[in-house]
Amino acid sequence: MDVSVIGTGYLGATHAACLAHLGHTVVGFDVDRDRVRQLANGESPFSEPDLDELLRDGVSSGRLRFTDSPELLAGASVHFLCVGTPQRADSAGADLSAVWSAVDLLAEAHAGPALLVGKSTVPVGTAAAIAKRFASQVGAWEVAWNPEFLREGHAVEDSLHPSRIVVGTDSESAWQRICELYQPILDDGARIIRTDFASAELAKVASNVVLAARLSVVNSLAEVCEAAAGNVRDLLEVLGSDDRIGSVYLTPGIGFGGSCLPKDVRAFAERARELGVGESMGLFDEVDRVNLRQRSRTVERAFALAGSPDRAPRIAVLGAAFKAGSDDVRDSPALAIAGSLHDRGARVRIYDPKAVPAARRLRPDLSYTEDAADACEDADLVLVLTEWPEVASLDPRVLANRVARPVVLDARLVLDADRWRDAGWEFHSVGAAH
Ligand code: UGA
């Protein structure tokens, strides 16, 4: 099938490459010329396992092209909308300007009706509003909403082997064409669920708010453990043993970040208020508040542990990415904490195996190293802020010889406490008094 993908961020670039991999002819469109040039060379603009290979294969097979010329969109009969919907600058709601620009662009570029499949995360009601705009501007376009559930760092895997495919549409022919598009994935056993527009739009945000709420619950539990001399690791073992709760996505730390969960929680509550059902949204305001509190709590604890009353404390920060396996620092709690420590007078040196270039662009005023041991040189405190395997496997005996004081705060529950204590470290972690 001839398809277009509009917007080539994490979602769009991955989706375009995966559709080409499934055998479709794909044109990826973006207004960002540099991005288009890079993708057209078969290079991924971000670090994502297997994506470079898929892009190279797609481009060299001729099935995958990238362009910034809207005229090329006219050749496709199915258009995937994959543009970003960040938080608005002036409110908690989602900024839909890129969505509407893409819709207008399609209406202008396209000679006849086609199928628009929305994948962007949008406030409920957007798909119906798009269908209405098409009806008044260009006649009968079909619209379907097919939200994406991929995680950064697993984008290709999640796209080709999704736990579920959701398609919201009132059109039988749109449903049939989307099933046909995803046939190889369905043959592989993926579950597909058909809904109306609103439920499909909500399904995406609902997944993220449930995940976010779960993390704010465990982060609150961790705080109580710290105050009550309990240990959250034991608590997690007990909670995770209950099949109704499950053990994944239950690790406390410095709060959730990234480009999705924080803004989706806020946009969901905002949209509910617009719909007149804001009364129970206090719950999600609290999820957000508890989440952001993890950052200030970590900063306070770090200052308390770094000691050094006579000089500005030196703090080695291990991790800047919002999570391991990603070079993304958008709304990264790790970088925010490092920045606050610096702004409040600490001498911070940051190590991250992948995210240093991106972090440097966002916070050029901070100091970075390419090597974890260098970051630890003469430090009063080693602070672990991203759960990188590279950080978990550091040798505490080697680092003990580099620091001024062997004190570590594992804010991500990633280090082996016994190993660090045996190497002479004063060990502290999230969710434990020590
Ligand atoms: C999230 C969702 O997991 C995806 O399903 C969704 O498609 C995506 O948002 C999106 O809306 O596009 P992602 O932002 O890549 O994916 O990251 P997650 O792996 O969900 O992590 C989010 C944050 O929660 C990170 O800061 C991570 O460190 C934190 N986290 C996650 C924890 O603190 N503890 C955990 O146990 C899990």
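## Strand β12 and V382

V382 is found in strand β12 (residues 381-384); helices (H or I, at least four residues) and strands (E, at least two) are DSSP runs, numbered from the N terminus. V382 is buried because 31 other C-beta atoms lie within 10 Å. A residue is called buried if 20 or more other C-beta atoms lie within 10 Å of its own, exposed if 12 or fewer, and partly exposed in between, with C-beta atoms placed from the backbone. Between V382 and W420 there is a separation of 38 residues in sequence and of 12 Å in space, C-alpha to C-alpha.

## Basis of the model

This is a predicted model, in which local features need pLDDT of at least 70 and side-chain atom pairs count only at pLDDT 80 or more, whereas totals for chains, interfaces and linings use all residues. Residues are numbered from 1 along each chain as its sequence is written.

The average pLDDT of the chain is 96, and 99% of the residues score at least 70; pLDDT is the predictor's confidence in each residue, from 0 to 100. The model has an ipTM of 0.99 and a pTM of 0.96.

## The shell around the ligand

The ligand is surrounded by 21 residues, of which E152, T251, F256, C260 and K323 come nearest. A residue is near a molecule or strand if its C-beta atom, placed from the backbone, lies within 6 Å of it. Helix α9 (residues 197-228) supplies the largest share of this shell, four residues. Domain 1 (2-195) and domain 2 (232-429) each contribute at least three residues; these bounds come from an automatic or database domain assignment.

By type, the shell holds 10 nonpolar, seven polar and four charged residues. Here Ala, Val, Leu, Ile, Met, Phe, Trp, Tyr, Cys and Pro count as nonpolar, Asp, Glu, Lys and Arg as charged, and the others, Gly among them, as polar.

## C260

In an unreviewed entry, UniProt places the feature "active site" at C260. UniProt positions are given in the numbering used here, feature names are shortened, and annotations may be inferred rather than shown by experiment. C260 lies in the loop between α10 (232-240) and α11 (261-274). C260 is buried, because 24 other C-beta atoms lie within 10 Å.

## Strands β2 and β3

Strand β2 (residues 25-29) runs parallel to β3, and four bridges join them; two strands pair if DSSP finds at least two bridges between them. F29 has T67 in β3 as its bridge partner. Side chains alternate along β3 (residues 64-67): L64 and F66 point to one face and are buried, while R65 and T67 point to the other and are not.
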